[in-house]
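Reader: I am new to this structure and should like to understand the terms used for it. Please set each description against its definition.

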Amino acid sequence: MSRILVVDDDQELHQVVAAAVGESGFQIWHSSNTESALSTVARRSCDLLIVDLEAVSADGLSLLKQARETYPQLKILTAASQAANHFILASLSCLACDLVITPLSRVDLRTAITAAIDDCHILEMKVVSARQNWDHLRVPCELNIVHIL
């Protein structure tokens, strides 16, 4: 049974997640700030952290950084209502499994959550430079999976 912590300043995202995967045997908790979220991750040994980047924007990046530093194997799924550069970079910087754009259907959310828990592998990716309209990433890859032309 997977354990999910949803971080949102209100219950909205938590309710959507519960509706999408609650009947599938997932345990779901809610936190509304960084301190509460990190405490819950420590106590509950969460498998997945879902963070609404817009709702916790004041300390959302801090939460992502602290969670990644303290729990390097923790899987993170970020959510936002738009694919703005700062949300994309925050997700990349914390090595999130995915950034989902809300609103999305229950089926799509369930798919994203299941993929994050089952199929996400934390890469040693680093955001080297982040300028408006230009991003430079350093991402490891396995060359043996690339077809030779």
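Author: A lining residue of a pocket has an atom within 4 Å of a grid point of that pocket. In this predicted model, α1 gives the largest share of the lining of the largest pocket, namely three residues.

Reader: Which elements give two or more residues to that lining?

Author: They are α1 (12-21) and β4. Of the 15 lining residues, Glu12, Leu13, Val16, Asp52 and Thr102 lie nearest the centre of the pocket, and the space within is about 230 Å³.

Reader: What makes residues of this lining nonpolar, polar or charged?

Author: The residue type decides: Leu and Val count as nonpolar, and Asp and Glu as charged. The lining of the largest pocket divides into seven nonpolar, two polar and six charged residues.

Reader: Why is a set of residues called a nonpolar core?

Author: Such a set consists of buried residues of types such as Leu, Val and Ile, joined through side-chain atoms within 4.5 Å, and is therefore called a nonpolar core. The largest one has 22 residues, and Leu5, Val7, Leu49, Val51, Leu64, Leu74 and Ile76 touch the most other members. Elements that each supply at least two of its residues include β1, α2 (34-44) and β3 (48-52). Another core, of 18 residues, lies apart from it, with Val17, Val21, Ile28 and Leu109 among its members.

Reader: Where is confidence lowest, and where is it highest?

Author: On a scale from 0 to 100, strand β7 (residues 134-138) has the lowest mean, 53, and strand β1 (residues 3-7) the highest, 92. The protein chain averages a pLDDT of 80.

Notes. Residues numbered from 1 in each chain as written. Predicted model: local features only at pLDDT ≥ 70, side-chain atom pairs only at ≥ 80, totals over all residues. Heavy atoms only, no water. pLDDT = per-residue confidence, 0-100. Helix = DSSP H or I, 4+ residues; strand = E, 2+ residues; numbered from the N terminus. Buried < 20%, exposed > 50% of the residue type's maximum accessible area, 1.4 Å probe, protein only. 1 Å grid on protein atoms, 1.4 Å probe; cavity = no way out; pocket = protein on both sides within 12 Å on 5 of 7 lines; lining within 4 Å. Points joined across faces, edges and corners; volume = space filled by probe spheres on them.
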